[in-house]
Amino acid sequence: VKLLVVKGRAPLGTKCEKGKTAAEYAAARKHDKVAAFLRDPKGHAESSDESEEEGEAERQTARVFKASQKLASAVNEQEEVHRKKVQAAEALQAALAEAPEPVWGEVKAVLSETRRELSLRGK
C-alpha cells in the first residue's frame with residue numbers, strides 16, 4: 001500500500017461503485033495501521049520509516065546474536081571433541097605403559113620404532 005501511495009502516487013480519494021474509499025475499506029476490515037496511513041500518508045510516512053528502520057535494526061541485532069550463539073556452540077563442540085581425543089590418547093599411552101613387554105621380537109621392534117605422541121596442533 002505504501003509503495004502504491006508514496007512512489008506510485010495512487011489517488012487516495014477515489015471511490016468504488018459503492019462510494020467507499022480505500023481507507024474506509026481498510027477501517028471496515030480492522031486494518032487500523034493501513035487505514036491511518038491512507039487517511040494521512042505524509043504524517044504517517046515519516047514515523048513508519050523510523051519504525052521500519054528500528055525494526056530492521058532489531059532484526060539485524062537478533063540475527064547477529066543468533067549467529068554468535070551458533071558460533072559459540074560450534075566452538076564448544078569442537079573443544080569437547082578435542083578434549084575427548086586428548087583423553088583417549090592419554091588413556092592409550094597409560095595402557096601401553098602398563099602393558100607387559102612383548103614376547104615376540106618382531107612386535108618389540110615395531111613398537112620401539114613406532115612413535116606415539118600426543119599432538120596438540122591447532123590449539
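Here is a quick tour of a predicted protein model, from its overall build down to a few residues.

Let's start with the big picture. The protein has five helices and zero strands, so reading from the N terminus you get α-α-α-α-α, where helices are runs of at least four residues. Of its 123 residues, 10% count as buried. About 10700 Å² of the protein is exposed, and carbon and sulfur atoms supply 56% of that area. What about contacts? Taking those between residues at least 6 apart in sequence, 43% join residues at least 24 apart.

Now for two loop residues, side by side:

| Residue | Loop between | Relative accessibility | Counts as |
|---|---|---|---|
| Thr-21 | helix 1 (2-7) and helix 2 (22-28) | 12% | buried |
| Trp-104 | helix 4 (41-98) and helix 5 (105-113) | 61% | exposed |

Why does Thr-21 count as buried? Because its relative accessibility is 12%, and buried means under 20%. Leaving aside residues up to four places away in sequence, Thr-21 touches Leu-12, Gly-13, Thr-14 and Lys-15. Thr-21 and Ala-35 sit 14 residues apart in sequence, with 10.0 Å between their C-alpha atoms.

Trp-104 is another story: it counts as exposed because its relative accessibility is 61%, and the cut-off for exposed is over 50%. Together with Val-103 and Val-107, Trp-104 forms a nonpolar patch on the surface, and the three share about 360 Å² of accessible area.

Last, a word on rings. A search of the whole structure turns up zero aromatic pairs. Still, the ring of Tyr-25 has a neighbour: Lys-20 lies over its face, 5.5 Å from the ring centre.

Note on methods. Residues are numbered from 1 along each chain as its sequence is written. This is a predicted model: local features need pLDDT of at least 70, side-chain atom pairs count only at pLDDT 80 or more; totals for chains, interfaces and linings use all residues. Side-chain values use heavy atoms; hydrogens and water are left out. Patches are made of residues with over 30% relative accessible area and no salt bridge: like charges are joined within 9 Å, nonpolar side chains (Val, Leu, Ile, Met, Phe, Trp, Tyr) within 5 Å. Accessible areas come from the Shrake-Rupley method with a 1.4 Å probe; for residues, only the protein chains shown count as cover. A salt bridge is a side-chain nitrogen of Lys or Arg within 4 Å of a carboxyl oxygen of Asp or Glu. Helices (H or I, at least four residues) and strands (E, at least two) are DSSP runs, numbered from the N terminus. Buried means under 20% relative accessible area, exposed over 50%, partly exposed in between (1.4 Å probe, protein chains only). Rings of Phe, Tyr and Trp (its six-membered ring) pair if their centres lie within 6.5 Å; planes under 30 degrees apart count as stacked, over 60 as edge-to-face and the rest as tilted. A charge sits over a ring if NZ of Lys or CZ of Arg is within 6 Å of the ring centre and within 35 degrees of the ring normal. Contact means heavy atoms within 4.5 Å.
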